[in-house]
Every structure is written in C-alpha cells, then in structure tokens.
Amino acid sequence: MDALTTQTRHGEVCPLDTTLKILDGKWKSIILCRLMNQELRYTELLKTLSGCTRRMLSLQLAQLENDHIIQKEIDTSYVPIKTSYHLTSLGRSLVPVIQLMDAWGESYIRALTNAADSDD
C-alpha cells in the first residue's frame, strides 16, 4: 500500500501526513468534490476543470486510483469506450474530512479578512 509506506517523513508512519499526501495535488481536491455527488466520465470531469490539461487530469486520477480513493470504470459497449470515475468506499469515508477542511478553510479566510479589515 503506497500511501501507508511513503508517509514516513518523520521516521514513523504519520496518519495526518498520509491524509495530506492523498489530497496533495493541484486538482485532487476539486476532483474529489466533483465526484462526491456523482460518477463522472473523464471528459465531463475535464470540462469542469478550467486550466487542467488532459495529462494532468490523467496523472491526478491515476494517483487517486492508486490510493484506492476513486475507481475507474470502463464500459466497452460504447463507441468510443466510456470511461467513468466514482469514489470507492474509502473515498466516500474521506468526504466528511473534506467537508470539515472546507469549512475550516472558510472560517480561516474570513478571520484573516476580518483581521486585515480591522488593520486598515
């Protein structure tokens, strides 16, 4: 399991670093947000990620798949082949963590904005 064995920056397995490593990547958080509510095809995902290249999306999806957070489904009965992605059970268990991190980030931004406004 790559995520577990690679997160030993401090000479020990660190659960927080493991979580951060899974989420680390310019597009991973937004990919996960998109997949929280529905399964999406590769092209649907790409269209929602303004500025993300095909290569970068493929790389980020492969990493999330390697970490067992998303699963790729290939349906060969379509022409062209239909490739779609959805959260795994591990990925779904990450949703509340992402939602809490989002709420914390919102509070943090608001606090910094309020502090900057009071300095003016």
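Modeller: Before we start: the radius of gyration here is taken over C-alpha atoms, and the globule rule is 2.2 Å times the number of residues to the power 0.38. Keep in mind that this is a predicted model.

Biologist: What radius of gyration does the protein have, set against a compact globule of 120 residues?

Modeller: The rule puts a compact globule of 120 residues near 14 Å. The C-alpha atoms fill a box of roughly 60 × 40 × 25 Å along the principal axes. As for the protein itself, its radius of gyration is 17 Å.

Biologist: In what order do the elements run from the N terminus?

Modeller: There are 6 helices and 3 strands to place. Starting at the N terminus, they read α-α-α-β-α-α-β-β-α.

Biologist: Which residues have the most contacts inside the largest nonpolar core?

Modeller: That core has 22 residues. Helix 2 (15-23), helix 3 (28-35), helix 4 (42-48), helix 5 (54-66), strand 3 (82-87) and helix 6 (89-119) each put in at least two of them. In soluble globular proteins, nonpolar side chains tend to be buried together. The residues you're after are Ile31, Leu32, Leu35, Leu57, Leu61 and Ile70.

Biologist: Leaving aside neighbours within four places in sequence, which residues is Leu32 in contact with?

Modeller: Contact means heavy atoms within 4.5 Å. With those sequence neighbours set aside, the list for Leu32 is Leu23, Leu64, Ile69, Ile70, Leu87, Leu94 and Ile98.

Biologist: And how far apart are the centres of the positive and negative side chains?

Modeller: The protein carries 13 positive and 15 negative side chains. Take the centre of each set, and the distance between the two is 9 Å.

How values were computed. Residues are numbered from 1 along each chain as its sequence is written. This is a predicted model: local features need pLDDT of at least 70, side-chain atom pairs count only at pLDDT 80 or more; totals for chains, interfaces and linings use all residues. Side-chain values use heavy atoms; hydrogens and water are left out. Helices (H or I, at least four residues) and strands (E, at least two) are DSSP runs, numbered from the N terminus. Lys and Arg count as positive and Asp and Glu as negative; His and the chain ends are not counted. The place of a charge is taken as NZ of Lys, CZ of Arg, CG of Asp or CD of Glu. A nonpolar core is a set of buried Ala, Val, Leu, Ile, Met, Phe, Trp, Tyr and Cys residues joined through side-chain atoms within 4.5 Å. Buried means under 20% relative accessible area, exposed over 50%, partly exposed in between (1.4 Å probe, protein chains only).
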